Amino acid sequence: MTVFFPLDTARLRLQVDEKRKSKTTHMVLLEIIKEEGLLAPYRGWFPVISSLCCSNFVYFYTFNSLKAVWVKGQRSTTGKDLVVGFVAGVVNVLLTTPLWVVNTRLKLQGAKFRNEDIVPTNYKGIIDAFHQIIRDEGIMALWNGTFPSLLLVFNPAIQFMFYEGLKRQLLKKRAKLSSLDVFIIGAISKAIATTVTYPLQTVQSILRFGRHRLNPENRTLGSLRNVLYLLHQRVKRFGIMGLYKGLEAKLLQTVLTAALMFLVYEKLTAATFTVMGLKSARKH
């Protein structure tokens, strides 16, 4: 996450700042560095990493607890895993959305926006951001963008569906999949799922940020009507491609993060087995 964090910064700027021209990712990052300094692409790193740790903890804790209760010693099926994953995703969204609302704002604090309708924020840190949002906008503002977030829980299911389909096609041609095959079909299925759900991610970012002067009535929880309204506004102003501003940065981040994690995992596994091999050799 840290290595490719600037890509996430570029994606968020393009999603939230409607007037920023849609350029290639490296051009957007160069603009940000030129206008706001070398460290600007890493602004908000700590809140994001903290939220990610909490979010992963909540998700996997819920997932494993539910699975233990439901499966009870039997073999788990793919269907059961998907259902448990979906429920864990919903619990995660409801519990951690306030963290993501705060870190979206901290990440965009001090940004040079092209859109004059954006109201700047002045938070001293995570705690102060919570305090100011509750004081000025009410406690429910911490759950801005909950509705699109709940819909995005389907993202892993879409990814899984394409992953299984691609795996079946490959297994027709060969007996066994190599770890590289698994990585490639994983990356392709993730990219498809991301592209399909990207317009919702754009709406989610706009609602979480919630600092646009226009349409204050749309700063509520983000009901279906608000989601459709924001999607419609985007299409009306910028055409269908307006829904996909920042997709390049998101796909780059998704695929490169997966590649790096995969590489680190393979190297760690190899190193662990080498160390274990050496230990057992010494014993013998």
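Domain bounds here come from an automatic or database domain assignment. With that in mind, welcome to a short tour of this predicted model.

**Two domains**

The protein chain splits into domain 1, residues 44-144, and domain 2, residues 145-245. Their contact draws on 26 residues from domain 1 and 20 residues from domain 2. Taken over C-alpha atoms, the centres of domain 1 and domain 2 are 16 Å apart.

**What the UniProt record adds**

An unreviewed UniProt entry carries the annotation "repeat: Solcar" for residues 1-69, 76-169 and 177-271. The same kind of record, again unreviewed, marks residues 44-61, 82-102, 147-166 and 178-200 as "transmembrane region". Some of these annotated spans can be set beside what the model shows for them:

| Span | UniProt annotation | Helix | Strand | Distance between end C-alpha atoms |
|---|---|---|---|---|
| residues 1-69 | repeat: Solcar | 71% | 0% | 32 Å |
| residues 76-169 | repeat: Solcar | 68% | 0% | 24 Å |
| residues 82-102 | transmembrane region | 100% | 0% | 29 Å |
| residues 147-166 | transmembrane region | 85% | 0% | 30 Å |

**A nonpolar patch on the surface**

If you turn to the surface, look for L66, W70, V83, F86, V87 and F154, which form a nonpolar patch with about 500 Å² of accessible area together. Two elements, α3 (45-71) and α4 (78-108), each give two or more residues to this patch. Helix α4 provides the largest share, with 3 residues.

One member of the patch to pick out is L66, which is found in helix α3. Its relative accessibility is 31%, so L66 counts as partly exposed; that class lies between the buried limit of under 20% and the exposed limit of over 50%.

**A buried threonine in a loop**

Now for a residue of another kind of setting: T121. You will find T121 in the loop between α4 and α5 (126-137). Is T121 buried or exposed? T121 counts as buried because its relative accessibility is 15%, and the cut-off for buried is under 20%.

Which residues does T121 touch, leaving aside its neighbours within four places in sequence? The contacts are R105, Q109 and R211. For R105, the distance is also worked out: R105 and T121 are 16 residues apart along the chain, and 7.5 Å separate their C-alpha atoms.

How values were computed: Residues are numbered from 1 along each chain as its sequence is written. This is a predicted model: local features need pLDDT of at least 70, side-chain atom pairs count only at pLDDT 80 or more; totals for chains, interfaces and linings use all residues. Side-chain values use heavy atoms; hydrogens and water are left out. Patches are made of residues with over 30% relative accessible area and no salt bridge: like charges are joined within 9 Å, nonpolar side chains (Val, Leu, Ile, Met, Phe, Trp, Tyr) within 5 Å. Accessible areas come from the Shrake-Rupley method with a 1.4 Å probe; for residues, only the protein chains shown count as cover. A salt bridge is a side-chain nitrogen of Lys or Arg within 4 Å of a carboxyl oxygen of Asp or Glu. Helices (H or I, at least four residues) and strands (E, at least two) are DSSP runs, numbered from the N terminus. Buried means under 20% relative accessible area, exposed over 50%, partly exposed in between (1.4 Å probe, protein chains only). UniProt positions are given in the numbering used here, feature names are shortened, and annotations may be inferred rather than shown by experiment. Contact means heavy atoms within 4.5 Å.
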